[in-house]
Amino acid sequence: MTSKPTIAPLATLTPASNTRTWLSSPHPNLPIVATACSDRSVRVYSLNSFNLVSNITGGHKRSVRSVAWKPDSGTSATGESVLATGSFDASAGIWRRWEGNSGKVNKSEDNEVDFTKDGGGDEDDEWRFAVVLDGHESEIKSLAFSPTSPLLATCSRDKSVWIWEELEDDNFETVAVLQEHEGDVKCVCWHPSEELLASSSYDDNIRLWREDIDDWGCCAVLAGHGGTVWWVEFEGATRPGLKATTEQQQRLLELREASGPRLASCSDDLSIRVWRRIPRDRPNGAPQTGPRMPSIIKTNTIEEEWVPEAALPQHHERAIYSVSWSRTTGLLVSAGSDGKIIVYKEQWAADNASTQIETTDGPKEIAKTEWVVMAEVENAHDVFEINHVCWAKRSDAGRRSDDEEIIISTGDDGEVRVWTLENFS
């Protein structure tokens, strides 16, 4: 008899913060995770030992609300890690650490970075506060580096989204200030393979942005949530999970390939939605042919159509603050005000059910899918709210395979907890 998958506690990162923790961001290449804390610090923990390796302080005057790693950070043992921080003081900071010179980084016999030895977090000078980015009028809620270009996006309670371009010598230039949201902007995230930015807001909407000639503009508005949209996240450029065994299933997977990565969102309305793009005849991002229009004239060259593809089972009882795609399995995990962590799996609908949809090539009969709750845990941070949840590669001595993942949750109790998904294959 096969056991049901469960979410099991693995570790609590130590020492915990004495104040609320907002968000944890796993490093893209190294076994560490950075946590934004209300005490104006960023804590960096080892995912090998689950202990503190750095305590970054001195850059902000109020709580650090969000952190994000530059995607190509620390690509070798002597590479540089770059971390962006967003604060309630309305500024964003850029921090740099040269991994090869860090006293916290040790090399193993095969010359790989080893974080099993703990530094205790006593030496703050290993991180250099390189840049402060000012411009927002109120607290920064979220920030994200683009994986495809030298761009950083920030969003704020002032209802705006800013896009910054990284130049040489620690200089950043403002390239766009986007002000079409009608409420606090809660989250920004970039498409994994295009210069396409998503933002979500207190106004219950999601907006998608891309550059049109010389100016950034809104290319789609995703409406349908009935409350604040707290978080949005694109799935990865490669989409694991479903395998086709019928012609209808193959048609669905081909349509998804043409549409590109989907977008997941979560809201105060207790729902999680998955959105997909309707492909166009001219591929997104393809160069425009013919004479270039003056940028003062608005065109529809960047308009896109996005539709709700699925609504996940409604198992949360209060606001959902965070949802995250697994780049390895295609699973989704969510968490929020009710203290639950829930993992969802997409599967083919029972009885080989299908539906007909309109595409640029005419109507197509495709197989249907459904999302099911795979596992959940209640009171994951005791009586406290969970502000953020995400997947990360497992790196501790107990890992069972190279591609095994862990779930990292960050809560109002000041703790960052690590979980494994058991009995899943």
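**Notebook: second largest pocket, aromatic pairs, repeats**

I began with the second largest pocket, which holds about 680 Å³ of space; the model I am reading is a predicted one. I then listed what lines this pocket and found 30 residues, of which Pro240, Gly241, Thr328, Thr329 and Gly330 are the closest to its centre. Looking next at the elements, I noted that α1 (247–259), β26 (341–348) and β32 (416–422) are those that give two or more residues to the lining of the second largest pocket. Of the elements, α1 gives the most to that lining, with four residues. By residue class, I count the lining of the second largest pocket as 13 charged, nine nonpolar and eight polar residues.

I turned to the whole chain for context. I find one helix and 32 strands in the protein, and buried residues make up 56% of its 425 residues. I also looked up the contacts with a separation of 6 or more, and 60% of these in the protein are accounted for by residues 24 or more positions apart.

Next I searched the whole structure for aromatic pairs, and the search gave eight. I took Trp22 and Phe88 for a closer look: their ring centres are 5.7 Å apart and their planes stand at 35°, so I entered the pair as tilted, given that planes under 30 degrees apart count as stacked and those over 60 as edge-to-face. Which parts of the chain does this pair link? Trp22 sits in strand β2 (residues 21–26), while Phe88 belongs to the loop between β7 (80–87) and β8 (92–98), so that distant parts of the chain, 66 residues apart, are linked by the pair. I checked exposure as well, and both Trp22 and Phe88 are buried.

For Trp162 and Trp164, I read a distance of 5.3 Å between the ring centres and an angle of 25° between the planes, so this pair is stacked. Trp162 is buried, and Trp164 is buried too.

Last, I consulted the annotation. The UniProt record, an unreviewed entry, places the feature "repeat: WD" at residues 57–95, 133–165, 178–209, 313–345 and 401–425. I examined two of these spans in the model. Residues 178–209 are 0% helix and 50% strand, with the end C-alpha atoms 9 Å apart. For residues 313–345 I noted 0% helix and 48% strand, and here the end C-alpha atoms lie 11 Å apart.

Notes
Residues are numbered from 1 along each chain as its sequence is written. This is a predicted model: local features need pLDDT of at least 70, side-chain atom pairs count only at pLDDT 80 or more; totals for chains, interfaces and linings use all residues. Side-chain values use heavy atoms; hydrogens and water are left out. Rings of Phe, Tyr and Trp (its six-membered ring) pair if their centres lie within 6.5 Å; planes under 30 degrees apart count as stacked, over 60 as edge-to-face and the rest as tilted. Buried means under 20% relative accessible area, exposed over 50%, partly exposed in between (1.4 Å probe, protein chains only). UniProt positions are given in the numbering used here, feature names are shortened, and annotations may be inferred rather than shown by experiment. On a 1 Å grid over the protein atoms alone, a cavity is a set of points where a 1.4 Å probe fits but cannot get out, and a pocket is an open set with protein on both sides within 12 Å along at least five of seven lines; lining residues have an atom within 4 Å of a point. Grid points are joined across faces, edges and corners, and a volume is the space filled by probe spheres set on the points. Ala, Val, Leu, Ile, Met, Phe, Trp, Tyr, Cys and Pro count as nonpolar, Asp, Glu, Lys and Arg as charged, and the others, Gly among them, as polar. Contact means heavy atoms within 4.5 Å.
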